[in-house]
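Got the structure open in your viewer? Set it to cartoon view, and let's go through it one selection at a time.

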Amino acid sequence: MDLPVMPPVSPMLAKSVAEIPAGMQYEAKWDGFRVIVFRDGDEVEIASRTTKSLSRYFPEVIHAVREELPPRCVLDGEIVIAHDGRLHFEELLERIHPADSRVRTLASRTPASLVAFDLLALGSAALLDEPQTARREALVEALRPARPPLHTAPATLDRDVATRWFAQFEGAGLDGVIAKPLDLPYRPGDRVMFKVKHARTADCVVAGYRLHKSGPVVGSLLLGLHDDAGHLQHVGVCAAFPMAERRRLVEELAPLRMDDVSGHPWGDWADEAAHASRRMPGGRSRWSGGKDLSWVPLRPELVCEVAYDHMEGSRFRHTARFRHWRPDRTPQSCTYAQLEEPVGYDLGELLGG
């Protein structure tokens, strides 16, 4: 491979802001695997945000790149899996599998798409120093003939349109809006773009905690919500506490510690078969590897309010953020019914546009 921009390249990043800034180019914030794609003839490399190769996990994307992209190019984009009108991040996670036969089966069953939103090189020219507007024009022109599963990310210069997108696209599983300064060159690894993400709150039962890797202090709180049948389902964790708070939490939660997990709603967490019918902490996967999945059970009597971005099925998509305790709420009142459901939006309309 001999391109004007060679791997490894770290993608340009965004920093969070509270509202959509004015006077920029706006795009949807995709919820997939961020990638830099390098093509030099038949040689194709798909690199992750951390510059690791993802090529073997997406054979259908490799094929599409060879068929649809210019012969020599480098682009920034997102690999997503979309069907039934929305994105499905958990199906992307299933692709990171050691067995090639399993990867190819999934590629046939739930094929991935590549959504391109920046162009770093074309032919023999590096475009890193070109402004955002010029790179966008070059991207649109270079991918004009491309067919699905390759897509050019929709973009607009109209802030009102971006505001409407922010509300609409969540129903298709997208994550918010990205704003890019019009004169911005491509700056690998730097947080020079802006992102506005959805943020909501929920009152959750604190039913346990995991210890921090640094020692006997709280690493994360295990959160639960009751389903329609009254079962407490594990919906995620909240973390990122200052060290002093981690130490204080151990003392504060000590009266609720349970010596015998058998009386806990997640008492059979170590039984892998039990995870098929309920969400509990400690479920093993290819991601857990040899990690210590143990946790400290608490009597499920304490309620806290957390902020979350959005749901992935029946759990929080990302780590939630602790807001404060809710002594005025009972654990039984913490149900899925409190969660706001975004209005559905057909992803086909977005990609088709």
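Start by selecting Leu13 and Arg191: Arg191, in strand 13, is the bridge partner of Leu13. Keep in mind as you click around that this is a predicted model.

Now widen the selection to strand 1 (residues 13-16) and strand 13; these two run parallel and are joined over four bridges. What pairs with strand 13 in the antiparallel sense? Select residues 176-181: that's strand 12, and its antiparallel pairing with strand 13 also runs over four bridges. For a spot to zoom in on, show Ala179, which stands opposite Phe194 of strand 13.

Before moving on, color residues 191-197 by accessibility. Is strand 13 mostly covered or mostly open? Mostly covered: five of its seven residues are buried.

Next stop, another sheet. Select strand 14 (residues 200-212) together with strand 15 (residues 215-226), an antiparallel pair held over seven bridges. Pick out Arg210 here and you'll find its bridge partner, Ser220, in strand 15.

Then bring in the rest: five strands make an open sheet, ordered 16-15-14-17-20, with antiparallel pairing. At the edges sit strand 16 (232-238) and strand 20 (321-325), each pairing on one side only. Turn the view to look along the sheet and follow the twist, which averages 50° from one strand to the next.

Last, select residues 243-253. This is helix 6, and it lies across strand 14, strand 15, strand 17 (296-308) and strand 20. Against strand 15, helix 6 runs at about 65°.

Methods
Residues are numbered from 1 along each chain as its sequence is written. This is a predicted model: local features need pLDDT of at least 70, side-chain atom pairs count only at pLDDT 80 or more; totals for chains, interfaces and linings use all residues. Side-chain values use heavy atoms; hydrogens and water are left out. Two strands pair if DSSP finds at least two bridges between them. Axes are lines fitted to C-alpha atoms, for helices over the stretch in contact, and angles run from 0 to 180 degrees between N-to-C directions. Contact means heavy atoms within 4.5 Å. Buried means under 20% relative accessible area, exposed over 50%, partly exposed in between (1.4 Å probe, protein chains only).
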